[in-house]
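Q: Please take a close look at one part of this model, beginning with a single helix and its packing, and then follow the contacts outward to other places. Please state the cut-off behind each term where it is used.

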Amino acid sequence: MDSTLINEEVIDELARSIGITSAVSAITARAMNGELDFEHSLRERLALLKGVKADVWDELKKTITIAEGAKELIDYLRERHVLTVVVSGGFAPMALWLKEQLGLTYAFANHLVISPSNVTYPYPHLSGELSSEHPIVVPEYKQLVLESLAKEHSIPLSETFVVGDGSNDLLMLGAAGLGVAWRAKARVQREAPQRLNGTTLSDLIFLLGSQESKGT
């Protein structure tokens, strides 16, 4: 989702809301390039975000921008009755919002714990922790979602299509029939099955069209 279907990294935007962008974005960049363990780095960044107002999502929905060509790509897939899914290491409020905006079939993302008002934070706020009641969207979980949905809908993995940009997408990219690194981080550019560095996600339509013409 982040830096793929939308132009921003949501966790960095959360950090911006309390003035700690540099500290969080530096960790994000290293995590997405595979230099840090994803879950550990996520928890580290979330701890820095303790105290962010719980209604911050309403403000982010006004400023987050959907990537160029995203709607065209999803419309193209929906017209062909393709299931469309976002599996994000980001956060559920934004993933569910994006699902509505683009008409996706499913959305999976991390869930955060909201703490009530207290003396230090006199408003509902992010606790800085992930919910223990939901799975954490680590690389292995992304691959599991792909494989589980394919099985549930009787879709051969060879007929699945995955796009991602971060190292936490590599397992999923490798498991798919067609895995494409989109304007990806350096490690992902090297290791993904295929890569594309265009300016609009609609470029992927031409790639899919070439696969259709080959009968794959």
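A: The account below starts with helix α4 and then moves on to charged pairs, a second helix pair and a few single residues.

The model is predicted, so that local features need pLDDT of at least 70 and side-chain atom pairs count only at pLDDT 80 or more, whereas totals for chains, interfaces and linings use all residues. Residues are numbered from 1 along each chain as its sequence is written, and side-chain values use heavy atoms, with hydrogens and water left out.

Helix α4 spans residues 56-63; here helices (H or I, at least four residues) and strands (E, at least two) are DSSP runs, numbered from the N terminus. Within α4, Val56, Trp57 and Leu60 are buried, where buried means under 20% relative accessible area, exposed means over 50%, and partly exposed lies in between, with a 1.4 Å probe and protein chains only. Viewed down the axis of α4, these buried residues fall within an arc of 90°, so they line one face of the helix; the arc is that of the directions from the helix axis to the C-beta atoms. The cover over the buried residues of α4 includes the helices α1 (10-16) and α6 (92-102), together with the strands β1 (85-91) and β3 (112-115).

Of these elements, α6 packs against α4 at an angle of about 45°, with the two axes 10 Å apart; the axes are lines fitted to C-alpha atoms, for helices over the stretch in contact, and angles run from 0 to 180 degrees between N-to-C directions. The two helices α4 and α6 are therefore oblique to each other, given that angles under 35 degrees count as roughly parallel, over 145 as roughly antiparallel, 65 to 115 as roughly perpendicular and the rest as oblique. The crossing in which α4 passes α6 is right-handed, a term for the near helix being turned clockwise from the far one by less than a right angle, with anticlockwise giving a left-handed crossing. The residues that meet here are Trp57, Leu60 and Lys61 in α4 and Pro93, Met94 and Trp97 in α6, contact meaning heavy atoms within 4.5 Å.

Leu60 also leads to helix α1, where Glu13 is found. Not counting residues up to four places away in sequence, Glu13 touches Glu8, Leu60 and Ile64. Glu13 is itself buried, with a relative accessible area of 17%, and its side chain meets that of Arg16 in a salt bridge of 3.2 Å, N to O. A salt bridge is a side-chain nitrogen of Lys or Arg within 4 Å of a carboxyl oxygen of Asp or Glu. Both partners, Arg16 and Glu13, lie in α1, 3 residues apart, which is about one turn of the helix.

The structure holds 10 salt bridges. One of them joins Asp75 to Lys71, with the closest N and O atoms 2.8 Å apart; these two residues are 4 residues apart in helix α5 (residues 70-79), and so are separated by about one helical turn. Asp75 is partly exposed at a relative accessible area of 24%, and Lys71 is partly exposed at 47%. Lys71, Asp75 and Arg78 are linked in a network of salt bridges. Another salt bridge joins Arg80 and Glu79, where the closest N and O atoms are 3.7 Å apart; Arg80 is partly exposed at 40%, while Glu79 is exposed at 58%.

A second helix pair is formed by α2 (residues 21-32) and α3 (residues 38-48), whose axes come within 10 Å and cross at roughly 170°, and which are therefore roughly antiparallel to each other. Among the residues meeting there are Ile27, Ala31 and Met32 in α2 and Phe38, Ser41 and Leu48 in α3. Met32 and Phe38 are also contacts of Asn168, as are Pro139 and Lys142, leaving aside neighbours within four places in sequence. Asn168 sits in the loop between β5 (161-164) and α8 (170-175), and is buried at 4% relative accessibility.

Backbone geometry adds two further residues. Ser154, in the loop between α7 (139-152) and β5, has a positive phi of about 55° although it is not a glycine, and it is exposed at 66%. Ser3, in the segment before α1, is likewise not a glycine and has a positive phi of about 60°, and it is partly exposed at 25%.
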